[in-house]
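Here's a quick tour for anyone opening this one for the first time. Take a look at the sequence and the fold, then read on.

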Amino acid sequence: HSLHLNPNLVYALLHKQDLFVPFRTHPTFQDVVQNIETVIGYFNTKIEATGTGGSVHTVQDVIQKASLSWPRERIRRFPELKFRYVEEEQPEEFFVPYVWSLAFHYSGLYWDSRRISLFSVRREE
């Protein structure tokens, strides 16, 4: 609902509009693709109505002006997605090797990979 703040997004959608065709009939993406096609159709109509050439600057100018009169009610609103982190019983089984792999690859420190040994943490009961 803030297309006027995203003219480059609109330009990219227009430029790559063929990418969305295969998703029209996919049940997971139909609603989203319908919104995208509504945006594409609106701005294509505005660009065609100008009758000017298709230079990047001209098209971006038309997008900028047309976005000010964009009818926001044409887009279907979706409920806001909410995610919740649920911790595993033993998160260290994932996080310890993951953090060590990050340290190994990105710390800038030299690690002799032949001398690294991985071990499992023993729990005392």
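What do the buried residues of α2 pack against? They pack against α1 (7-15) and α3. Keep in mind that this is a predicted model. The notes below start with that helix and then turn to the aromatic rings.

**Helix α2 from end to end**
- Helix α2 covers residues 30-50.
- With 21 residues at 1.5 Å a residue, α2 should span 30 Å, and its end C-alpha atoms are indeed 30 Å apart, so the two figures agree.
- Right after α2 comes Gly51, whose phi is positive, near 65°.

**The buried side of the story**
- The buried residues of α2 are Val33, Asn35, Ile36, Thr38, Val39, Ile40, Tyr42, Phe43 and Ile47.
- An α-helix has 3.6 residues a turn, so residues three or four places apart point the same way.
- Thr38 is worth a stop: its relative accessible area is 18%, and it counts as buried because the cut-off is under 20%.
- Leaving aside residues up to four places away in sequence, Thr38 touches Trp70 and Arg74.

**Aromatic pairs**
- How many aromatic pairs does the count come to? The answer is seven.
- One of them joins Phe23 and Phe29, with ring centres 5.4 Å apart and planes at 85°. Planes over 60 degrees apart count as edge-to-face, so that's the label for this pair.
- Phe23 is partly exposed, with a relative accessible area of 35%.
- Phe29 also comes out as partly exposed, at 35% relative accessibility.
- Tyr42 and Trp70 make another edge-to-face pair, with their ring centres 4.9 Å apart and their planes at 75°.
- Why does the Tyr42 and Trp70 pair tie together parts that are 28 residues apart in sequence? Because Tyr42 lies in helix α2, while Trp70 lies in the loop between α3 (56-67) and α4 (92-106).

**Around Trp70**
- Tyr42 is buried, with a relative accessible area of 8%.
- Trp70 is buried too, at 7%.
- Tyr42 and Trp70 don't stand alone: together with Phe43 they form one aromatic cluster.
- Trp70 is also one of the residues that Thr38 touches, so if you're browsing the model, look at Thr38, which is buried at 18%, alongside that cluster.

Note on methods: Residues are numbered from 1 along each chain as its sequence is written. This is a predicted model: local features need pLDDT of at least 70, side-chain atom pairs count only at pLDDT 80 or more; totals for chains, interfaces and linings use all residues. Side-chain values use heavy atoms; hydrogens and water are left out. Helices (H or I, at least four residues) and strands (E, at least two) are DSSP runs, numbered from the N terminus. Buried means under 20% relative accessible area, exposed over 50%, partly exposed in between (1.4 Å probe, protein chains only). Contact means heavy atoms within 4.5 Å. Rings of Phe, Tyr and Trp (its six-membered ring) pair if their centres lie within 6.5 Å; planes under 30 degrees apart count as stacked, over 60 as edge-to-face and the rest as tilted. The expected span of a helix is 1.5 Å times one less than its number of residues.
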